[in-house]
Structures are given as structure tokens and as C-alpha cells.
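Biologist: I should like to learn how to read a protein fold. Could we take one chain and proceed step by step?

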Amino acid sequence: MIRLTRTPIAVDALLRAVRDPAAGGIVVFLGTTRNVNEGRHVVRLEYEAFARMAVKEMRALAIAARRRWALRRVALVHRTGVVPVGVASVGIAVSAAHRAEAFAACRWLIDRLKTIVPIWKREHFRGGRVWIGMQQGARPARRAR
Amino acid sequence: MRVRLRFFAALRERLGPGGVRTLPAGASVDTLWHALVAERPELARLRVRFAVNEAYVEPSHRLAEDDEVAVFPPVSGGGRR
């Protein structure tokens, strides 16, 4: 399951998508919208995707993860549109025969997803809104590692 | 030649969703970006990335007729781990 969604991310669907009798473990990561960012009180977030390219890049990431680690199944879901504070905007589930691979792959997938999948976040806070990553004169975005 | 432009996020807000643009044959992504910056000098301050036909490219990438060129800010994550 690799997709974008405008509705809440269902954890049970993520788990179902990676369930596998040969798996010895499932690791799930949920990225949730935080209420404070760089001192601003965030009231909601809004995600915009270049949808077709985003899904392509997510598929490519899942394939790359499976080449790198011995995994059973991978699921990636990202929300678009308005997301309230405190709920999941991205969900990743990975199953593997052994937990070490599942943890490592899940960690790698979220880090890569956040640097290469074309989805942008606009933060609405008390007193304004700002596209994250676009602040002029702000510190440069960190590079993918 | 003609290429199809698409803008996203903060660029979309400044420039609209995109449209068709005519460029000299063999123009690169960089040529296109400089033409956009010449029209809107404030764009020069922005950090942008480019994708052609839904794949990331470097600014030196040469464009072809009917390519879809997407211009957008660095993606939103990228921050602390």
C-alpha cells in the first residue's frame, strides 16, 4: 500500500498491508503534527503534493528499502490537505523476518521520504502562515543524510 | 519548442499553477529558470528544485518538446530528526 490520502491515516489498514506469516516483526512509524514549531504556536498544517511524482518517489523508496534490507512488506501513506494538530500526517509500516531490519528500514524510509518526496507543508500559526522550507533568509534546509 | 510548466507550494502561490512556455530548441532547465527570474527578480532568492516528467533533474538538464517541467521548493521535512 503506497498512497496519498486526504482522510485520516488508519493504523489498522497500515498493519494489514504489511501483515505476513513470514514476518517476525512489524515496525510502524507515525509522523504527527506538532503544536509548536520554532517558537510558533501551530494551529494546523496543510500539505500539498505533486501527487503523481510523490507516489512514484514513494514506490521507488519502497523498492530501494527492499533491496537494502531483507523485508517482507512495506506500506507508505501520506496525508494531503489540512491536518489538525496532534494527528498523523505520514504513516510507514515495515514487516521483516527479524526486527533489526524492520527498525532500520523504517527509520531510513521516513528520513528519505521527508527529503525527496515532493510534498510541502504549510504551517498555520497564531498570527500567520508560512511554507516550511521557504523562509527567505532563514537557515538552509539540512541536506539528506 | 514548447514545455509545460508546473509550480507547487510557495512558487504556485507567486506564479500560479503553471502553463505552456516557449523556449529556444535545446534550452536547459537553467535557461528556463533564468527566464523566469528575469521576469520576477524576487525569485532569485528562492531555493528551488526541478523535475522533468516527474523525475528530479539538475539545472543543466536539456529540455525537449512537450516536457513537463515542475519547479518547487525543497520538500517540507528535511529538518531535525
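Modeller: The following exchange treats chain B, from its elements to its sheet. This is a predicted model, in which local features need pLDDT of at least 70 and side-chain atom pairs count only at pLDDT 80 or more, while totals for chains, interfaces and linings use all residues. Residues are numbered from 1 along each chain as its sequence is written, and chains are lettered from A and ligands numbered from 1 in the order in which they are written.

Biologist: Which pattern does chain B follow along the sequence?

Modeller: Helices (H or I, at least four residues) and strands (E, at least two) are DSSP runs, numbered from the N terminus. Chain B has two helices and five strands, in the pattern β-α-β-α-β-β-β. Its radius of gyration, taken over C-alpha atoms, is 13 Å, close to the 12 Å of the globule rule for 81 residues, so chain B is as compact as a globular protein of that length. That rule is 2.2 Å times the number of residues to the power 0.38.

Biologist: In what order do the strands of the open sheet lie?

Modeller: Two strands pair if DSSP finds at least two bridges between them. In chain B the order is S2-S1-S5-S3-S4, with mixed pairing. The edge strands, S2 (18-22) and S4 (55-57) of chain B, each pair on one side only.

Biologist: In which sense do S3(B) and S4(B) pair?

Modeller: Strand S3 (residues 49-52) of chain B pairs with S4(B) in the antiparallel sense, over three bridges. Within S4(B), Val57(B) is the residue opposite Phe50(B).
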